[in-house]
Amino acid sequence: MAMQNYFDYAATCPMSELSIRSYAKAASEYPFNPSSKHRGGREAHKALEEAREKCARVLSVMPEQLVFTSGATESISMVFESLLWQKKPGRVIISRIEHDAVKSFIPLLKEKGWDVVQLKAKDGIVKAEDVKAALTEETRLVSIMSVNNVNGAVEDVNAISAVIREYEKSLKHRIIFFSDSVQALGKVGLSLSESGIDAASFSAHKIGGPRGVGMLYVRKKELIRSLAPAGGQEGGMRGGTENLASIISFSDALEDIYHERAEKEKRMAALNKRLREGLSEAGLLINSPDGASPYILNVSSPLPSEVFTRMLDDRGFSVSSGSACSNNARKGENIIEVMGYGRERAMSSIRISMFDSTSEKEVEDLIATVKEMKSEF
Amino acid sequence: MNSKLYLIKEGEISLKGGNRNLFEKRLRHNIKDKLSGWNANIEKQKGRLYLFLDEDADDETVEKALSTTFGITGFARAYRCEKNVDAIVSMAEEVLRKNPFGDKGTFKIEARREDKSFPLSSYELSVLLAKTVHELFPALEVDLKRPDYTLHVEVRKDVYLYTDDKKGPGGLPVQTAGRGMLLLSGGIDSPVAAIRAAKRGMKIDSIYFHAYPYTSDEALEKVKKLASLIAPYLGGTRLYVVPFTDAQLRIKKLSLEEETTLMFRASMMRTAEKIAKERKALAIVTGEALSQVASQTLEAMSFTDSMTDTLVIRPLVGMDKEEIISTAKEIGTYETSILPYEDCCVIFSPKHPVTHPDKEESRKHYLSLEMDEEIDKAIANTEVFYFNPLGKEESLKR
C-alpha cells in the first residue's frame, strides 16, 4: 500500500524504516525474558532500561516515571481503574472532547457511585476557570487531553494544572491531573516536568513506532495503583513480560521524532497554513481552532463526512471522516458539535492529519483535488 | 442406496383441486433444488412426501432447507420399517435409542393407520408402543393433551416412525404464482416483504439502487448479504444492482426539494417496471407499510403506483414495525438490516418531505424531469448477482 497522499496519520502513523529496522534488530538480539536471571535475560533487562532512559531523556523526565504499556488505551485504563482502590467514590472531572478510551469509563464510574463531570469545550478549548469551578473536596481525578484527536485543539494544560494545584492546597489528598497526550507526543511542545501533569498517556504507533506499545508517564508511582501487578514488572505498575522489541523500536522512533523538532514544527506550521488557505478557497469550512496542532486540520464540506471521505478515497487521498454518516455515530456526541458548530457541520466534518513525512506536493495535490471536486458539491 | 429419510407434510396444497399436481410437482422440484447434492429422491403418498437422501446428508443443512421451503407445513427425520408388529416394535426401540426421551415428564404415542387392512387399530398400536416407551423410560407418564415427548407412527404402504417433528414455513411453493420484482433496500422491511410475497408462491428477484459514492460499498455488501439470507425462502434470487447516482443527482438538481423522495420512488418504480418486463415479472413488491414514513401515505403511494402499469404489491401495508421486526428476526435478516450502512444519503433526503402530494401535480413534475435517458443508462449498467436456493452466490446462469 503506497503511503502517497496519506492524510490519516492521527489514526496511525505507519512504522518508519528506522523503527522497523530497530524492531527487527531488537527482536533478534534480545530473544529472552528481561526478568530471567541468566545472561540473556540480564542483557534483555539492560536493553529495556536503556530504552526507558532514552525515552526519559527525550521527554526530560526520570526513567522511573515511565511505564511501558500496550498503548494509550491501556495507559488510560490504568489511571481510571486505579480509582477503584479508593474506599469512597468521589468526583472525576473530564471534558466532553476526551477520547472514547476515557469516556468509556463513565458508565463504570457512575455505577460505582462516582460523580463524573463533563466540561464543555466551546471552540475546542477547555477553560481553566471551568475546571476551577468544578473542583470539589471530593475530586480525585481531572482528565483533560493535551491535544484533541479530532480537531487538533491544544489545551492549556499548564493553566489547568495551576488551578488544580492551587485548589489542592486546602485538601489532605492530591488530585491527580491526567492528560491523554497521544496526539501531542513529538508534535506539540509538551513539557511534562513543567506542566504540572501527574500522569500522561502515549502511543507508539502515532509517531511511526510499532502498534501494541505505549507509555504511561506518572510523576510519582504512588499516585497510580495497578489493579493487576502480576509478576511485578514495570515497577509493579504493569505485569506481564515486556514487549521488548516494540519498546526499543518505540524509543528509537521517539528519539527520531524529536530530532530537529523546531524545524519540523516550523515546516508543519507552514503546511497547515497552506492547507487552511487552499481548502478555504475550495469552499471548505475550517473547524480546527486557531493555535491547533499543525498536524491535524478538521474541515467541513457541503457533503456528509462519509461521502466526502469516499470521494477523496476514490481519488487516492486517505482522510478520516470525523463522524460516520451512520446510525451509530448519530447517537454519540460529536466533537465538532461540542465545539458549537451545529449538527450539520459536524456531520460533514473530515479530519486531515499529517506527519513530518508529508510533502508540500501532497498538500498541493490535495488542495487541487478538492478544488476540482467543487463541481460535485 | 438412499437411506436417510425425511417425512414432509404439505399443508394447503393437499386441499387444491384440479391443479394440485402442479403445486406438488413444484414443491418436489423446489426441495430437490436445495438438496440435489445428496441424491434427493421424493416419493409421494397421501398428504405426505417422503424425502430420501444419502446417508451422509447433513441434518442441519437438510433442516434449514426444509424449514425455508414454502409449501411444507412440517417435517421430521423418519425411520421406515416393514408392516408387521415385531418390526414396528423393534424399529420403535431403535428410534428411541437414537432420539431418546428424557428421564422426566410425559409422553404420547400418535398413531395413524392409513392402511385399514393392518390388523391393529390406531388405539391398539398406541397401547403396544406405549409399553415399549415405558420399558425404556419407566419414569415417563402418559399425557395425551400436552405431552413433552411424542412418538409418531404412521401405517401406510410401509410403516414410518418419527419423534421430533418440526414446523415448516407453510404457504405455497414458490414459482406457482408468477414472478415479482422486489425493491430491496438495506432496511428491515423489504426482506420481510419478499418472504410474505414468496409465501404465496411468488418467485422473486430483487432490485437494489446503488448511489455510490453517496452510499457506500458496505451498503451494497449488506444488501447482497440480505439477498443471500432470503434466497433460501425464495428458491434462489437474482439481485439487480442498479447504479442510480446520476439519476438521483438529476432529481436533486431539478426537483422541488420537498418532492425529491417522491421523485426517487417514482423513478425507481419506472426502472423496476422496465426490469420486470424484461424478466416477464408481473408485479413489483415493496416493503412499504402504510404511514410508516412520508413516502408511505396513501397519497404518496397512489402517486408512485400511477407511474407504472405494473401491479404493485405491498405485503406489509397493514403491519406495525414491531411485527415486521419480529418476522425479520425469525427469518434471520434483522441483524444484517440494522448494520449502520445507509441506503440513502442524507443529502438526498428533504428536511420537510411532501406527505400528501397531489397525484396529478406530482405526475407532471415527474414527467418534467425527463428521467428516461438516465433510467435507460442505469439499466444498461446494471450488475446482476445470483444467490442460489442455499443462499450461496453463484455466477449467473444465462
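**Two helices that cross**

Select residues 189–199 of chain B, which form helix α5, and residues 321–331 of chain B, which form helix α10. In this predicted model, the two helices pack at an angle of about 75°. Angles of 65 to 115 degrees count as roughly perpendicular, and α5(B) and α10(B) are therefore roughly perpendicular to each other. Their axes lie 9 Å apart.

Next, display the side chains where these helices meet. From α5(B), select B:Asp189, B:Pro191, B:Val192 and B:Ile195; their partners in α10(B) are B:Ile324, B:Thr327, B:Ala328 and B:Ile331. Of the residues in this contact, six are nonpolar, one is polar and one is charged.

**A second partner for α5(B)**

Keep α5(B) in view and add helix α6, residues 217–234 of chain B. How far apart are the axes of α5(B) and α6(B), and at what angle do the helices pack? The axes are 10 Å apart, and the angle is about 10°. Angles under 35 degrees count as roughly parallel, so α5(B) and α6(B) are roughly parallel to each other.

On the α5(B) side of this contact, select B:Pro191, B:Ala194, B:Ile195 and B:Ala198. On the α6(B) side, select B:Leu226, B:Leu229, B:Ile230, B:Tyr233 and B:Leu234. The residues of this contact comprise nine nonpolar, no polar and no charged. B:Pro191 and B:Ile195 take part in the contact with α10(B) and also in the contact with α6(B).

**The two sides of α4(B)**

Move now to helix α4, residues 122–136 of chain B. At 1.5 Å a residue, its 15 residues should span 21 Å, and the C-alpha atoms at its ends are 21 Å apart, which agrees.

Which residues of α4(B) are buried? They are B:Leu125, B:Leu129 and B:Val133. These residues cover an arc of only 75° around the axis, and therefore lie on the same side of α4(B). Turn the helix to its other side to find B:Tyr123 and B:Glu135, which are exposed.

To see what covers the buried residues, select elements of chain B including α3 (85–98), β5 (106–113) and β7 (149–155).

**The whole chain**

Finally, zoom out to chain B, which has 13 helices and 16 strands. Its C-alpha atoms fill a box of roughly 80 × 40 × 40 Å along the principal axes. Of the 398 residues in chain B, 42% are buried. Among contacts between residues at least 6 apart in the sequence of chain B, 81% join residues at least 24 apart.

Note on methods:
Residues are numbered from 1 along each chain as its sequence is written. Chains are lettered from A and ligands numbered from 1 in the order in which they are written. This is a predicted model: local features need pLDDT of at least 70, side-chain atom pairs count only at pLDDT 80 or more; totals for chains, interfaces and linings use all residues. Axes are lines fitted to C-alpha atoms, for helices over the stretch in contact, and angles run from 0 to 180 degrees between N-to-C directions. Helices (H or I, at least four residues) and strands (E, at least two) are DSSP runs, numbered from the N terminus. Angles under 35 degrees count as roughly parallel, over 145 as roughly antiparallel, 65 to 115 as roughly perpendicular and the rest as oblique. Two residues are in contact if their C-beta atoms, placed from the backbone, lie within 7 Å. Ala, Val, Leu, Ile, Met, Phe, Trp, Tyr, Cys and Pro count as nonpolar, Asp, Glu, Lys and Arg as charged, and the others, Gly among them, as polar. The expected span of a helix is 1.5 Å times one less than its number of residues. A residue is buried if 20 or more other C-beta atoms lie within 10 Å of its own, exposed if 12 or fewer, and partly exposed in between; C-beta atoms are placed from the backbone. The arc is that of the directions from the helix axis to the C-beta atoms.
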